[in-house]
Amino acid sequence: MSEIRRLIRPVPILLALVIFVAVPLGLAQFGKGYFFQIANLVLIFALLAASLHLVAGVAGLLHLGHAAFYGIGAYVAALLGTELKLGFLWGLPAGGLAAAVLALIVALPTMRLVSIYFAVATLAIGQMIHTVLLNWVSLTKGPNGVLLFSGIKLFGWAAKTPVAIYFVVAVVVAASIFAIHRLGHSYYGNALRSLREDDQCADAMGIDTVRLKIEVFTLSAFFAGIAGALWAYTTGYVSPTDFNFSNSILVLAMVVVGGLGSLPGAIIGAFLLILLPEVLRGFGDVRNVLVGLVMFFSILFLPKGLFGEVSALTFVRRHFGRSQNRVPGGEVGW
Amino acid sequence: MFDPYYLQQLAIGLSQGVIYALMAIGFTLIFGVLNVVNFAHGEIYTLGAFVGLLVITALAPPLLVVVLVVAAVGAAFGVGLERIAFKPFRRFSDEASLKSRAMRESTLMSSLAVSIVAREGLELAFGSQMQTLPFDQLINKPIALGPITIVTGDVIIFAVAAVMLIGLQWLLTRTRVGLAIRAVSANPLGAKYVGIDTDRTIILTFAIGSMMGAAAGVLVGLYYGAIFPAMGFVPGIKAFVAMVMGGLSSIPGAVICALLLGLSEGLATTFISSNWADMVAYGFLIVTLIFFPQGLFGAGRERV
Amino acid sequence: MSALIEIDHLTRRFGGLLAVDDVSTAVAPGELVGLIGPNGAGKTTLFNLISGFTPPTSGTVRFKGEAIRGLKPHQIAGRGLSRTFQNLRIFPNMSVFDNVSVGAVGAMGQSALGAVFGGRRRSDAITARTFEALERVGLTAQAHELAANLSYGRRKYLEIARALAMKPDLLILDEPAAGLDDSETAELARFIRTLNGEGLAIMLVEHDMNLVMGICSRVVVLASGRKIADAAPAEVRADPAVLEAYLGVEA
């Protein structure tokens, strides 16, 4: 355990070097915008996975609707850009804040739910948001999606080349992930972990568990919203299908594969699950099958994920254990 | 108020509710016995529909044969699902607690993973587009019923749901198998001690539940005339909602709630566009979870 | 001297069962009170009522003069009442240090913004308090071990350290000696006495009669939810009602 920890420690620095030096240099050699698109995608999903890691890995809450908050961020950024002509500097924080505010509103009544009811409630919330994005045609253009042409402009400087856009994404993602890292590796993070381990016991230690759950849910949605805004600005197009249930599962799979509770694990999970399908492109659109397979086999053979501090099994066990104690005498049927 | 239009909407809602009920029965059976949420139930339903398509295009047999073949294949899928997504995780539980938490809950993720593989595999094989079923096999011949019109499918699906419900009751209360299922459901360890083959009982439960799920899939496919790989997702969620509303392990509770759900969606579409109708189910779910922690028919659950 | 905690006609009914039936008692600051009774006497239920995990059916609890009925467990904990659990509830996937820090952060608090942008002051204070509690129970050397890797006996101390990190005014120990052998129990008894000697009020539920009788200044006896004795150990030992209800059962 501790050896793995020691190995991981230089990873952030190494990762920063890779992200800010090696990747742009390498990709610039190819000179293809497409590779930068992939790199952006990897970074955005790394941020998404990191934000879900905060809820699912650190606080131990199974969240099945994460993509919806990502979608809120993307739509808010895109609509601010197209309808109100507010640029990236507005869209980015607004996307994050809108997702956070919405998360706060839905969290207030639902965070008291435990275990599987929580998971199902988040699933329902995610689906509701998706339904709204899909059907509120007058605002969201429905299934056609929103085109955003404005591009990234910062204080008069426009990020026009793929490298420039990549750097903007990388800086935002790195800063956000650093913030998530700080949250996770603080005493606040320890309080969150105690929710995952035994929330009743945490309660007895003076920790306001419901409030903490609401906070972490909101914070995680904030970072998902940031990721959404980045997505809107890098692809220039948002449509509801990018934020549906399978995307929530994709992000969850990244967190599970990387190891619940491990931030580097979540990021590496994102790398794997975005890059692997790209490598396997020749075999058709296998990403989603791959997500399922990777998730299944990692639960089966790598219950701790690649770097996990909690085994996926313990996680679900803890998460679902207490809820389903059977009522005495209760049995199926009549 | 008693405008025939509303009656027609009620009839549509009721038939929708019966479809959800069809799905909810198998779902609740598996949950009730094993206390596991089988996320792959929706995919069993989809697979049922696709097997139906293959059978119909290859042989075009009469409806009853189609349903029976699909049910048999569905049962096989159920057994396979249990072997792949549920059985392996029982090794994590110690000998003493067969139905331990570890198994119960890790299977939620594994069944989710299997459902993704099944759905996406179907998409690779058939494409994500709608597949149409041969028109002459469909069960949508209209029947006029006073001021409203229903189709043959409504009657057939209603009948099948009723048969399932009654058959399941008979099975659970009148047969040795049912006794074993109820015993495992109430106390797996005790069941084991009195010599019930729990492993076999669990497989059987999956076979029965999946049989019903697959039959539901093919009937709904024939009812609408079109099937697609992701078709199981929404009814799966609705069945889940019905199960939670019904109090988790009550099959009649789930059926009644499924009907309620269908009716409210049917009525809702008179006020809002049908695209928004799904919101009704999700809204119901959230409201039930928050305000009726015991479910509407309170078989009960614990809220720590 | 006014009581630290006053339990006044506390009753809890579970369906037809009176788990705690009209129990009244009080603990003064710095007192070490034992709570004994046969299995199912309602000892743990009483603790759960006091610490807010179970709402009482009737009756009141006053802690430091304030009625705490209806408060959530964390609110009661925040007022200076800390507890351990009967069946040892540590956070197994966290390090020993992190386990104990939860108690400190529960008492002192750290906000999310503080965690990201905050300076050192708050977190240094939490660190200091965590090490203080670890030192107190002698777990400093194992601070970075995974809690799940500790031996059973050490985990007991870990749980106590976590409770101590909250700097409570009243510490409730729910069967701390369960599962310990004689020498470990004796060591624990010495430790509890030391804590109490420093002025910490302690309520102790225990099956081990010798432990309770040996260290407590007063013993409350519950049987079938009712209080049947509340006196010094020697008196309780001689009480015929106690002998019948408790020792009689045990013999």
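A residue is called partly exposed when its relative accessible area falls between the buried class, under 20%, and the exposed class, over 50%. Keep that in mind for the views below, and remember that this is a predicted model.

**View 1. Asp22(C), a positive phi inside a strand.** Zoom in on strand 2 of chain C, residues 17–27, and you'll find Asp22(C) there. The backbone is the curious part: phi of Asp22(C) is near 55 degrees, a positive value in a residue that isn't glycine. Is Asp22(C) buried, partly exposed or exposed? With a relative accessible area of 35%, Asp22(C) lands between the 20% and 50% cut-offs, so it's partly exposed.

**View 2. Lys167(C), a positive phi in a loop.** Here's another non-glycine residue with a positive phi: Lys167(C), at a value near 50 degrees. The setting for Lys167(C) is a loop of chain C, the one between helix 6 (152–164) and strand 7. Lys167(C) has a relative accessible area of 45%, which makes it partly exposed. As for the domain split, residue 167 closes the range of domain 2 of chain C (92–167).

**View 3. Where the two domains of chain C touch.** Domain 1 of chain C comes in two pieces, 1–80 and 169–251, while domain 2 covers 92–167. Their C-alpha centres sit 26 Å apart. Domain 1 puts 17 residues into the contact and domain 2 puts in 12. Together they bury about 1,100 Å², with carbon and sulfur atoms giving 65% of that area.

**View 4. Charges and polar pairs between the domains of chain C.** How many salt bridges link domain 1 and domain 2 of chain C? The count is two. For a close-up, take the salt bridge between the side chains of Glu198(C) and Arg136(C), at 2.4 Å from N to O. There are also six residue pairs in polar contact between these domains, both partners at pLDDT 80 or more. On the domain 1 side, strand 7 (170–174) and helix 7 (182–197) each bring at least two residues to the face that touches domain 2. Which element gives the most to that face? That's helix 7 of chain C, with six residues. Sorted by class, this side of domain 1 has 10 nonpolar, two polar and five charged residues.

**View 5. Chain C against chain A.** Now pull back to the chain–chain interface, where chain C contributes 33 residues and chain A contributes 29. The buried area is about 2,600 Å², and carbon and sulfur atoms give 62% of it. Polar contacts join 11 residue pairs between chain C and chain A, again with both residues at pLDDT 80 or more. On the chain C side, the elements giving two or more residues are helix 2 (73–78), helix 3 (96–108), helix 4 (112–117) and helix 5 (120–137). Helix 3 gives the most, with eight residues. The class tally for this side of chain C reads 17 nonpolar, 11 polar and five charged residues.

**View 6. Asp198(A) and its partners.** How many salt bridges does the rule find across the interface of chain C and chain A? It finds one, and the side chains that form a salt bridge here are those of Asp198(A) and Arg89(C), at 2.7 Å from N to O. The pair also shows up as a side-chain polar contact of 2.7 Å. Asp198(A) belongs to helix 9 of chain A, residues 187–204. At home in chain A, a polar atom of the Asp198(A) side chain lies 3.1 Å from the backbone nitrogen of Cys201(A). Why does Asp198(A) count as buried? Its relative accessibility is 7%, and anything under 20% goes in the buried class, so Asp198(A) qualifies.

**View 7. Chains A and B, one at a time.** Chain A has 14 helices and four strands. Of its 334 residues, 61% are buried. Take the contacts in chain A with a sequence separation of 6 or more, and 79% of them involve residues 24 or more positions apart. Chain B comes to 11 helices and four strands. Buried residues make up 58% of the 304 in chain B. Among chain B contacts between residues at least 6 apart in sequence, 74% join residues at least 24 apart.

Notes: Residues numbered from 1 in each chain as written. Chains lettered and ligands numbered in written order. Predicted model: local features only at pLDDT ≥ 70, side-chain atom pairs only at ≥ 80, totals over all residues. Heavy atoms only, no water. Domains from an automatic or database assignment. Contact = heavy atoms within 4.5 Å. Buried area = accessible area lost by both parts, 1.4 Å probe. Salt bridge = Lys/Arg side-chain N within 4 Å of Asp/Glu carboxyl O. Polar contact = N/O pair within 3.5 Å; in protein donor to acceptor, adjacent residues only side chain to side chain. Nonpolar A, V, L, I, M, F, W, Y, C, P; charged D, E, K, R; others polar. Buried < 20%, exposed > 50% of the residue type's maximum accessible area, 1.4 Å probe, protein only.
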